[in-house]
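The exercises below are meant to be worked with the sequence and the coordinates open side by side. Try each task before reading its solution.

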Amino acid sequence: MPNPTITITPRPPTAGSKITIKYSGTPGTKLTLDWDPASEPSSAVVDENGNAEVTVPAGATSLIVDDPTGGAKPVSTMIQH
């Protein structure tokens with residue numbers, strides 16, 4: 001079975017708007033959100049459909065989404081303002 005994947009939509013996200021993080025692994029997985037500069041939320045839990053929805057912090061310039069279980073490769077994106 002292939003490793004799970006992470007995708008972010010829309011790409012690129014816009015500061016202050018909502019994004020959807022799609023994870024093809026196990027529902028309930030807690031993904032790590034690494035914003036630059038550091039901000040909240042710092043994590044998101046994948047629902048039963050493989051999605052997590054978060055609001056992009058207004059001051060964020062980039063985001064890295066990581067799977068702490070090590071199954072999926074991290075995904076990064078720049079944030080539009």
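**Exercise 1: Pairing around strand 3**

Strand 3 and strand 6 run antiparallel and are joined by 5 bridges. The model is a predicted one, and the task is to establish which residues stand opposite each other around strand 3 and which further strands are paired there.

*Solution.* Begin with the register between strand 3 and strand 6, where Leu33 stands opposite Val65 of strand 6. Next, turn to strand 4 (residues 43-45), which pairs with strand 3 in the antiparallel sense over 3 bridges, with Lys30 placed opposite Val45. The connection between strand 3 and strand 4 is a hairpin through 6 residues. Finally, follow strand 6 (residues 62-66) to strand 7, with which it shares 4 bridges, again in the antiparallel sense; in this pair Leu63 stands opposite Thr77.

**Exercise 2: Two faces of a strand**

Determine which side chains of strand 3 and strand 7 lie on a covered face and which do not.

*Solution.* The general expectation is that, in a regular strand, side chains alternate between the two faces of the sheet. Along strand 3 (residues 30-36), Leu31, Leu33 and Trp35 point to one face and are buried, whereas Lys30, Thr32, Asp34 and Asp36 point to the other face and are not buried. For strand 7 (residues 75-78), the covered face carries Val75 and Thr77, while Ser76 and Met78 belong to the uncovered one.

**Exercise 3: The open sheet**

Work out the order of the strands in the 3-stranded open sheet, and explain why strand 1 and strand 5 each have one side without a neighbour in that sheet.

*Solution.* The strand order is 1-2-5, and the pairing is antiparallel. Strand 1 (6-9) and strand 5 (51-55) are at the edges and have a single partner strand each, so one side of each is left without a neighbour in the sheet. Neighbouring strands of this sheet are turned against each other by 20° on average, direction ignored. For the register, take strand 2 (residues 18-23), which is joined to strand 5 by 5 bridges in an antiparallel arrangement; within this pair Ile21 stands opposite Ala52.

**Exercise 4: The nonpolar core**

Which residues of the largest nonpolar core touch the most other members, and which elements give two or more residues to this core?

*Solution.* The core holds 19 residues, and those touching the most other members are Ile6, Ile19, Ile21, Leu33, Trp35, Leu63 and Val65. The elements that give two or more residues to this core are strand 1, strand 2, strand 3, strand 5 and strand 6. To see the surroundings of one such residue, set aside the neighbours of Ile6 within four places in sequence: Ile6 is then in contact with residues including Ile21, Leu31, Val65, Ala72 and Val75. The contacts of Ile6 also include Lys22, Asp66, Asp67 and Lys73.

**Exercise 5: Loops and cis peptide bonds**

Locate the loop positions of Pro12, Pro37 and Glu40, and say whether Glu40 is buried or exposed.

*Solution.* Pro12 is placed in the loop between strand 1 and strand 2, and the peptide bond joining Arg11 to Pro12 is cis, with omega about -5°. Pro37 belongs to the loop between strand 3 and strand 4, and the bond from Asp36 to Pro37 is likewise cis, with omega near -5°. As background, most peptide bonds are trans.

Glu40 also lies in the loop between strand 3 and strand 4. Glu40 has a relative accessible area of 56%, and is therefore exposed, the cut-off being over 50%. Apart from neighbours within four places in sequence, Glu40 is in contact with Trp35 and Pro57. The C-alpha atoms of Glu40 and Ala60 are 9.8 Å apart, although the two residues are separated by 20 residues along the chain.

**Exercise 6: The chain as a whole**

Describe the secondary structure of the protein chain, and explain why the chain can be called as compact as a globular protein of that length.

*Solution.* The chain has 0 helices and 7 strands, giving the pattern β-β-β-β-β-β-β along the sequence. Its radius of gyration is 12 Å, close to the 12 Å from the globule rule for 81 residues, so the chain is as compact as a globular protein of that length. The C-alpha trace spans about 40 × 20 × 20 Å along its principal axes, and buried residues make up 33% of the 81 residues. Of the contacts between residues at least 6 apart in sequence, 51% join residues at least 24 apart.

Note on methods:
Residues are numbered from 1 along each chain as its sequence is written. This is a predicted model: local features need pLDDT of at least 70, side-chain atom pairs count only at pLDDT 80 or more; totals for chains, interfaces and linings use all residues. Side-chain values use heavy atoms; hydrogens and water are left out. Two strands pair if DSSP finds at least two bridges between them. Axes are lines fitted to C-alpha atoms, for helices over the stretch in contact, and angles run from 0 to 180 degrees between N-to-C directions. The radius of gyration is taken over C-alpha atoms; the globule rule is 2.2 Å times the number of residues to the power 0.38. Buried means under 20% relative accessible area, exposed over 50%, partly exposed in between (1.4 Å probe, protein chains only). Contact means heavy atoms within 4.5 Å. A nonpolar core is a set of buried Ala, Val, Leu, Ile, Met, Phe, Trp, Tyr and Cys residues joined through side-chain atoms within 4.5 Å.
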